[in-house]
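Student: I have a model open and want to go through a few local features. Can you start with the term you need for the cysteines?

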Amino acid sequence: MASGGGNYRNGTHRNSLKGTTTATDRPLSVNSNPSKPALKNKSLSSAGASASASSGLRKSSPGSLGGGGTTKDDAAVPGRVRVAVRLRPRNAEELVADADFADCVELQPEFKRLKLRKNNWDTDTYEFDEVLTEFASQKRVYEVVAKPVVESVLDGYNGTVMAYGQTGTGKTYTLGRLGEEDTADRGIIVRAMEDILADVSLETDSVSVSYLQLYMESLQDLLDPTNDNISIVEDPKSGDISLPGATLVEIRDQRSFLELLRLGEAHRYAANTRLNTESSRSHALLMVHVKRSVKGRDLAHSIQNGNTTNLAKSLRPTLVRKGKLVVVDLAGSERIDKSGSEGHTLEEAKSINLSLSALGKCINALAENSAHVPVRDSKLTRLLRDSFGGTARTSLVITIGPSPRHRGETTSTIMFGQRAMKVENMLKLKEEFDYKSLARKLDIQLDQLIMEHERKQKAFEDEIERITTHAENQISEAEQNYANAMEKERLKYQKEYMESIKKLEEKWMMNQQKHSERKDQMVSTAEEVAELKKLLSKETSIRKAAEEEVNNLKSQIAQLKMSEASANSEVLKLRKTLEDEAYRKEKLEGEISMLQTQLLQLSFEADETRRRLDRGLPGKVPGGLDSLISQARPQVNDSGNGEKASIENLFEQVGLQKILSLLEAEDADVRIHAVKVVANLAAEESNQQKIVEAGGLTSLLALLGTSKDETIHRVAAGAIANLAMNETNQELIMSEGGISLLSMTAANAEDPQTLRMVAGAIANLCGNDKLQNKLRGEGGIKALLGMVKCRHPDVLAQVARGIANFAKCESRASTQGNKTVRSLLIEDGALPWIVQNANNEASPIRRHIELALCHLAQHEVNARDMITGGALWELVRISRDCSREDIRTLAHRTLTSSPTFLAELRRLRIDY
Ligand code: ADP
Ligand code: MG
């Protein structure tokens, strides 16, 4: 903004505040050239900030694309209220009445000064933005006072042009002259509208007008007199006021505007007549709304965002600037003094002019930068809220008369003008997007598109229908063609069919003909046939004779065959008899051999009995090895008479192989006899080697496994026991699984004698030094101990013998240093049974156990177990009480040679 304006204002302010007479000497203006008079066409604004505001604002005003509505606050620029003073020429009355007096004011327009004469020798000087003499033309007044404001309005700002002054000083003359008689008389309103209409484009812009009168705080519509209480509406956000009730007439040309002004004037006159008042007491307000679309250079200037795609363009609402020009012809200011005095009631104040006095107060408050501006005190101040201290460019013309008689009124008017000059407005561009018209435009486009779409839709449907009809026609045509072709084909085939039928009929006829011809031929051959028949019957009789001959021969052959068959059956019978004979012979041979074995057995038994009788031995001695052998022999009571030689003879007669083969005979009795014979033979040491060599031992062992017969088990086990006395045989028995077979036999045996034989066999094996580990490994000791369940003394004696044999072998091995570990007997849990039976009443049992204990005790590693098992006591007992001296001695020696035993005996304080 022009800094000159600011300085200028300060100068004005100071000066006017003081209101001193000495101020005349001071340079009151800081115009670029104060000495230079105002140019003829130079407007009020050109003297200060307004000129640069007018043009500068257009360029610097920021676009509102982003902000929408109005421009931003920072777009506002200061714009002080401009005040011009206009002096009316003396009127006819004054020319007469004041003829002898000087005017109360003296104007110095080149210095924009006004000198107010206080009396003949004293004046006050005031400076204004413009000083218009009584000679100032209406055109010049318009240009300096109103034109800058009108230009601002056209640029999108609000603007106010107001006239203030005593009644009759020319307010209405300045503002409202229509200039009908003389165009030079046209006032500000008419000229402003002329400029507006010349500048706007009626295609894109609009100008509309309201015309109102404010009288006694009632706002009347001068364009519609029935509307005499228009309300003022304030936008709560922006504070902008609007008069929705006021008639708004769009102006398209000057002529219609003048019509409107005349109409308004007429209504004003009528209203004042009706209300019995005068126009000098009412305020007239003309409001001109100018709405302009911003485009071209201005628009480009306004758009800050670079987004200018086609879519954005098409959807962008038009930017509009809405300037409002308010022209106010105020009521006569002579009332103000009266209203300003105190003690008035509201009604009185109203009658005097509430609005005018409120305007004065507001101007005062604004001029003094008072915190409170009583805008709401009156309707006028509310209506002019934007004009003073608001966003509008405001130009005030104060009108004064020259008459010294009205010095007081003139002074007050001048003071009002001086205060108004201090009011600072912040001009704001009223620019916004016209969403409404965009919406309208889009609505229209949408309607057009809908119509277009509808048209296309219709055309499309028509096309579909056309195509459908066409297709249907084609289909029916094709169908027709097809039907025709079918019919044609059908007829063709029918014809062909008929023709072929006809041909067939012809053929048939021909055949018929041929057939009848053949019949004729047949009659001629009948004779021939009769002759042939004769020949045939002759031939038949010959054949019959031949057949008879054949039958005859056949019966002869059959007879021959029958005699041959009977001979064959005779042969078969003879063969059968022969076979039977052979079988019987075989059976008899078997019987013979059996009888032979029985005989052999009997002769053995007889021999044995005799032998025993010869030796003078009494009956059987249980437990002994000899008795075992004798027991192993079947007990046969009938006395035999064969000598040993005779047995051997028999033996040789029958043959060992034969006997052994009978062990596997099918007949159970044969098997039993055979095993008995073998057992008897095995009892003889001289036979044992032969039996073993012939596989007898293997067969006997096999019998233990295969046979279910306990007698066979018993006799076989006895034989095995006898064979087991030989060391070589012992190894053979072991290698052929004898231990497990014997164990199995013992487990299944019920007869104590069977167990005795088994135990005897194992006991023999126990006496073999080489077989100790193998025997024990295959469960021999366990098998022996298992048999003590049977409490039969013969069985127990064999078990004891086995244990004694085993212990003897172990002690032998330990003496030779071959054995360093604990006795396997102790390992297999024999010790408790040994201790239990050490003092058995049956002497064969007791004897064997005593020996076994002595043998075990000889090996020091067994000592600890024997002590804990109670064997020590038995040994002590044996060493003291045994009836056999050799055993007693052995026990004693054993005890005394064992440090463990000795230590234990000492511990127990047994004197030994
Ligand atoms: P106001 O509206 O202030 O009461 P008017 O405009 O009605 O005063 O003026 C009163 C009279 O003075 C009118 O007859 C008018 O023609 C005349 N008059 C006012 N100003 C001038 C002027 N500048 N030149 C000639 N006559 C004027
Ligand atoms: Mg008037």
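Tutor: A disulfide is a pair of cysteine sulfur atoms within 2.5 Å. By that rule the count is 0 disulfides. This is a predicted model, so local features need pLDDT of at least 70, side-chain atom pairs count only at pLDDT 80 or more, and totals for chains, interfaces and linings use all residues. Residues are numbered from 1 along each chain as its sequence is written.

Student: Why is Cys 809 not bonded?

Tutor: Because its closest cysteine sulfur, in Cys 766, is 8.0 Å away, too far for a bond. Cys 882 is in no disulfide either, with the sulfur of Cys 854 nearest at 7.8 Å.

Student: Is Cys 882 buried or exposed?

Tutor: Buried (under 20% relative accessible area, with exposed over 50% and partly exposed in between; 1.4 Å probe, protein chains only). Cys 882 has 3% relative accessibility, and Cys 809, also buried, has 2%.

Student: New topic. Which residues surround ligand 1?

Tutor: The shell (residues with a heavy atom within 4 Å) includes Arg 86, Gln 166, Lys 171 and Arg 177.

Student: And which backbone atoms come within polar contact, and at what distance?

Tutor: A polar contact here is a pair of N or O atoms within 3.5 Å. Oxygen atoms of ligand 1 lie 3.2 Å from a backbone N or O atom of Thr 169, 2.9 Å from a polar backbone atom of Gly 170 and 3.0 Å from a backbone N or O atom of Lys 171.

Student: How much of ligand 1 does the protein bury?

Tutor: 65% of the 540 Å² that ligand 1 exposes alone, by the Shrake-Rupley method with a 1.4 Å probe.

Notes:
Chains are lettered from A and ligands numbered from 1 in the order in which they are written. Side-chain values use heavy atoms; hydrogens and water are left out. A polar contact is a pair of N or O atoms within 3.5 Å; within protein, one must be able to donate a hydrogen and the other to accept it, and residues adjacent in sequence count only if both atoms are side-chain atoms.
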